[in-house]
Amino acid sequence: MANSDAPLFDLDSLLFDIMEDEQVDRSARRLLTRDDIKKLIEEKRRLRRELAKRRETKHEEPTLS
Amino acid sequence: MGLFSRDNDAAPCRIVIIDDDFTCRCWLRGLVTHIGFSVVGEADNGDEGIEVVASTKPDVVLLDVSMPVKTGAMALPEIRRVHPGARVVMLTSIADQVTVMDCIDKGASNYLLKSSDAEEIKQALVELRDECAH
C-alpha cells in the first residue's frame, strides 16, 4: 500500500513549469499592436539613417598622405 | 486639394500588389487607384510576385505575408535584390513580433495590418504616395 503521506506530485513545481512554458509561448508569439509596429519601424529608420550618416562621414574623412 | 487627391501633373507612383486573396487585391486595387497610384502588376504568391517586380520595376510593392508557394517574408529579400529601389510595404493580418521583426530586418519600409481601420491604411498609402513624388 502506498504511503499516504508521500505526495503523488509536486504541485508547486508543476505550476511553475506551466507558468514558464506559457511565458515562452507568449514571448514567441507576442502579438503587436499597430502602435508597437510603428515604434519598431521608426526605430529601424532612425538606425538606418544613423548608419548612412556614419558611412557618409567615413567617406568624407580626409586620408593622410 | 483634398487629402487623398494629388497633383495631376506628377507622374503616378507605380505599384505592384502581391496577395493571394482575390477580394483583397480587388479592394486594394480600387483604393490605391483612387489615391493616385498606377497599378502596374499583380501576383497571388511570392514567386510570381518576384517576377512581376523584376519586370515592372515599380516604386512601391504591397506585399502580403501569408501566401502559398512562397510567403511574403521569404520573397522580400528577393524582391529587394531584383529591384532595390522599390519601397516594400507589408500588408497582412499577421501581427506576431517574430514575423514583424523579420520583415523589418529584411528591409520592409512599412508594416500595415489588415485589421487596421481602412482610413489608417489609406493614410499610410497616401504618405507613401507623397514620399514617392519627392
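**Chain B: two loop residues, a helix pair and a contact**

Val69(B) is partly exposed, because 14 other C-beta atoms lie within 10 Å; on this scale 20 or more such atoms within 10 Å make a residue buried, 12 or fewer exposed, and anything in between partly exposed, with C-beta atoms placed from the backbone. This is a predicted model, where local features need pLDDT of at least 70, side-chain atom pairs count only at pLDDT 80 or more, and totals for chains, interfaces and linings use all residues. Residues are numbered from 1 along each chain as its sequence is written, and chains are lettered from A in the order in which they are written.

Back to Val69(B): phi is positive, about 65°, although the residue is not a glycine. Val69(B) sits in the loop between S3 and helix H3 (72-82) of chain B; helices are DSSP runs of H or I with at least four residues, strands are runs of E with at least two, and both are numbered from the N terminus.

Lys57(B) also has a positive phi, near 50°. Its loop runs between helix H2 (46-56) and strand S3 (60-63) of chain B.

Next, the helix pair. Leu31(B), Val32(B) and Ile35(B) in H1(B) meet Lys122(B), Leu125(B), Val126(B) and Arg129(B) in H5(B); contact requires C-beta atoms, placed from the backbone, within 7 Å. By class, that contact has five nonpolar, no polar and two charged residues. Nonpolar covers Ala, Val, Leu, Ile, Met, Phe, Trp, Tyr, Cys and Pro; charged covers Asp, Glu, Lys and Arg; the others, Gly among them, are polar.

Last, the chains. Their contact takes ten residues from chain B and ten residues from chain A. H4(B) gives the most to the chain B side, with four residues.

Key: Two residues are in contact if their C-beta atoms, placed from the backbone, lie within 7 Å.
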